[in-house]
Amino acid sequence: QLCGKEASPMKLAATKKILSLFSEQDPGLLRAAKEASSTIFSAAGHAEDDQFLKDLLEAVRPLLRFEVKGSWSSALPAVGALFDALGARRSQLDLANLQQWDVTTFQHAKPLAMELIEVRDKSRSGELNVYGKELQEAIASVIKTLGPQQVLRTMPLEVLQHPLTDMQYEQKSRSWMLLALKDSCQQTALQDF
């Protein structure tokens, strides 16, 4: 079993090999990569392996590249599982360490969270028929883990800044985020809205 800081580079290298499978087209291989990634991420969250989780935030970013768009319906659940693992880790912390953990984790997670939201902003309705559910669930995991206030500060709603008659109102205003917020807001203050 790999444990401790000295094993982290080995774990990361092995996980990157699994993540590289998302560039394949074989549905069985994609399904196996999704399941393996989710298992690894969940185990890291429960094992309190903070550094490995932070390293994974960078390691999964290539899963959102255009070149692997065909595998997003399998890759996005893995990204969501990483945020779920971070949420599991967060729930293990005492109040004294929680604020510092939130700040440092958000700094590491922010680029990945922004990429997920940008993918949704740029996706067309036909594309959302293929991977929309998985994308919405991954964004919901981000909101549950990082909190709506952090997500909205980074990528704010702009529902009043664009005319309702604009053909791209949903993307420009991020009104689509209202559904994700509705289902994902936990332990937050009303003043954040």
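The legends below describe a predicted model, first as a whole and then in close-up views.

**Figure 1. The whole protein is built from nine helices and zero strands.**
Along the sequence the pattern reads α-α-α-α-α-α-α-α-α. The C-alpha atoms fill a box of roughly 55 × 45 × 20 Å along the principal axes. The radius of gyration is 17 Å, which agrees with the value near 16 Å for a compact globule of 193 residues. Of the 193 residues, 43% are buried. Among contacts with a separation of 6 or more, 66% join residues 24 or more positions apart. The protein exposes about 10,700 Å². Carbon and sulfur atoms supply 54% of that area.

**Figure 2. One cavity of 30 Å³ or more is found in the whole structure.**
The volume of this largest cavity is about 40 Å³. Its lining consists of Phe106, Lys110, Ala113, Met114, Ile117, Leu146, Val151, Thr154 and Met155. Two elements each give two or more residues to that lining: helix 5 (95–122) and helix 7 (148–154). Helix 5 gives the most, with five residues. By class, the lining divides into seven nonpolar residues, one polar and one charged. The charged residue is Lys110 and the polar one is Thr154.

**Figure 3. Gly147 sits in the loop between helix 6 (125–146) and helix 7.**
The relative accessibility of Gly147 is 9%. Gly147 therefore counts as buried, since the cut-off is under 20%. A second point for this view is Ser42, 105 residues away from Gly147 along the chain. The C-alpha atoms of Gly147 and Ser42 are separated by 19 Å.

**Figure 4. Ser37 belongs to helix 2, which spans residues 27–46.**
The relative accessible area of Ser37 is 0%, so Ser37 is buried. Leaving aside residues up to four places away in sequence, Ser37 touches Ile18, Leu19, Phe22 and Ala78. Of these partners, Ala78 falls within helix 4 (72–91).

**Figure 5. Arg31 is also placed in helix 2.**
Here the relative accessible area is 47%, and Arg31 is partly exposed. That value lies between the cut-offs, under 20% for buried and over 50% for exposed. Ser37 in the preceding view, at 0%, is buried. Arg31 is paired here with Arg124, 93 residues away along the chain. Their C-alpha atoms are separated by 24 Å.

**Figure 6. Asp94 occupies the loop between helix 4 (72–91) and helix 5.**
Asp94 has a relative accessibility of 41% and therefore counts as partly exposed. The distance partner in this view is Arg120, 26 residues away along the chain. The C-alpha atoms of Asp94 and Arg120 are separated by 34 Å. Arg120 falls within helix 5 (95–122). Helix 5 is also the element that gives the most to the lining of the largest cavity, as shown in Figure 2.

**Figure 7. Gly132 is part of helix 6.**
The relative accessible area of Gly132 is 15%, so this glycine is buried. Gly132 is shown with Ala59, 73 residues away along the chain. The separation of their C-alpha atoms is 22 Å. Helix 6 leads into the loop that holds Gly147, the subject of Figure 3.

**Figure 8. Arg174 has a phi near 60°, a positive value in a residue other than glycine.**
Arg174 lies in the loop between helix 8 (169–173) and helix 9 (177–184). The relative accessible area of Arg174 is 12%. With burial set at under 20%, Arg174 is therefore buried. Arg31, the arginine of Figure 5, is partly exposed at 47%.

Key. Residues numbered from 1 in each chain as written. Predicted model: local features only at pLDDT ≥ 70, side-chain atom pairs only at ≥ 80, totals over all residues. Heavy atoms only, no water. 1 Å grid on protein atoms, 1.4 Å probe; cavity = no way out; pocket = protein on both sides within 12 Å on 5 of 7 lines; lining within 4 Å. Points joined across faces, edges and corners; volume = space filled by probe spheres on them. Helix = DSSP H or I, 4+ residues; strand = E, 2+ residues; numbered from the N terminus. Buried < 20%, exposed > 50% of the residue type's maximum accessible area, 1.4 Å probe, protein only. Contact = heavy atoms within 4.5 Å. Rg over C-alpha atoms; globule rule 2.2 N^0.38 Å. Areas by Shrake-Rupley, 256 points an atom, 1.4 Å probe, with all protein chains shown as cover.
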